[in-house]
Amino acid sequence: MPTRGRPPFINGRMFPLYDENPTELRPVVTILVMGLCLAAWLLVQGGGSDPSILMASVCTYGLIPAELTGSAAGALAGGAADLPCRLGGPTWATTVTSMFLHGGWGHLLGNLWFLWVFGNNIEDSMGHARFVLFYILCGLGAAAAQVLQDPGSAIPMVGASGAISGVMGAYALLYPRARVNTAIILVIFIRIIPLPAWMMLGYWFLLQLLAGSMGMDVGTAFWAHIGGFISGVALIKLFERPQLVVAKRAHRRLGPEEIKELGWW
């Protein structure tokens, strides 16, 4: 099954550990999304312990482009024995439910780590309610890009990394100079180097473009990553709260009255 990213390593040799960009608000939505992904993995997908349960969850709640476009109704997904998904009519709800499913423990934990590193700062830039809508819209943008790239695909797509790619795009635009301490893996040697966000995330995006344009690794939905990243860049200025961004950049914690004045939205 293509995933909206296996654990989103940077070319398998770079992995962000933490950023030097403190938050002012509690990242309650980021934590909630992480909890929902974990709950879906354990309760709906059986933690991957039973392949039949895992596949049933992917077929039912995963996004299958051919279902949305109506190009393969009644067929088996890809005709492959290991993907026995019977296709039906459009199931628009899967554009959202697929964001919370994963293909394995590595896929899940990698996505959750990236969401924690970058998501708390983006939630911090717009507030909790806006972040919910922003995250979902980025995920929908990611799904749209993948469906447009291969509208007849009958292979289920799952994973949170399309929406997380949007978070990463927003981070690159808002905090390009923030230092991200990154593990650089060179064969058996590992070195931790602080890199500016624009460099690490820009390099990641270029790799997605290269892999997507060359049709590399059909098990990864690179165009979902590309679409999500672009969505995040396009939407962040509409969703950011200037008061929060200014306070964050000045490392000034807002008082209770200031937070109250911002309102729930």
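These legends walk through several close-up views of a predicted model.

**View 1. The largest nonpolar core and one of its well-connected residues.**
Welcome to the interior: the largest nonpolar core has 58 residues. Those with the most contacts inside this core are Phe118, Ile122, Phe134 and Tyr135. Take Tyr135 as an example: apart from neighbours within four places in sequence, Tyr135 is in contact with Val33, Leu115, Ala160, Ala163, Ile164 and Val167. There is also a second, separate core of 8 residues, with Leu68, Ala142, Ala143 and Ala221 among them. In soluble globular proteins, nonpolar side chains tend to be buried together.

**View 2. The hairpin of β2 and β3.**
Here strand β2 (residues 179-186) meets strand β3 (residues 189-196), and the two pair in the antiparallel sense over 8 bridges. To find your way along the pairing, look for Val180, which stands opposite Leu195 in β3. The hairpin has 2 residues between the strands. In this hairpin, Val187 takes a positive phi near 60°.

**View 3. Aromatic rings, edge-to-face and stacked.**
A pair of aromatic rings is described by the distance of the centres and the angle of the planes. The count of aromatic pairs in this model comes to 9. One of them joins Tyr171 and Tyr175 edge-to-face, at 5.7 Å centre to centre and with 70° between the planes. Both Tyr171 and Tyr175 are buried. For Phe205 and Phe229, the centres are 4.5 Å apart and the planes are at 20°, so this pair is stacked. Phe205 lies in helix α8 (residues 197-214) and Phe229 in helix α9 (residues 222-239), so their pair ties together parts that are 24 residues apart in sequence. Phe205 counts as buried because its relative accessibility is 16%, under the 20% limit. Phe229, at 8% relative accessibility, counts as buried too. Another group to look for is the aromatic cluster formed by Phe15, Phe114, Phe118, Tyr171 and Tyr175.

**View 4. Helix α8 and its two faces.**
The 18 residues of α8 should span 26 Å at 1.5 Å a residue, and its end C-alpha atoms are indeed 26 Å apart, which agrees. The buried residues of α8 are Ala197, Met200, Leu201, Trp204, Phe205, Leu207, Gln208, Ala211 and Gly212. These buried residues cover an arc of only 155° around the axis, so they sit on the same side of α8. They pack against β1 (14-19), α5 (105-126), α7 (161-174), β2, β3 and α9. On the face turned away from the buried side, you will find the exposed residues Leu206, Ser213 and Met214.

Key:
Residues are numbered from 1 along each chain as its sequence is written. This is a predicted model: local features need pLDDT of at least 70, side-chain atom pairs count only at pLDDT 80 or more; totals for chains, interfaces and linings use all residues. Side-chain values use heavy atoms; hydrogens and water are left out. A nonpolar core is a set of buried Ala, Val, Leu, Ile, Met, Phe, Trp, Tyr and Cys residues joined through side-chain atoms within 4.5 Å. Buried means under 20% relative accessible area, exposed over 50%, partly exposed in between (1.4 Å probe, protein chains only). Contact means heavy atoms within 4.5 Å. Two strands pair if DSSP finds at least two bridges between them. Helices (H or I, at least four residues) and strands (E, at least two) are DSSP runs, numbered from the N terminus. Rings of Phe, Tyr and Trp (its six-membered ring) pair if their centres lie within 6.5 Å; planes under 30 degrees apart count as stacked, over 60 as edge-to-face and the rest as tilted. The expected span of a helix is 1.5 Å times one less than its number of residues. The arc is that of the directions from the helix axis to the C-beta atoms.
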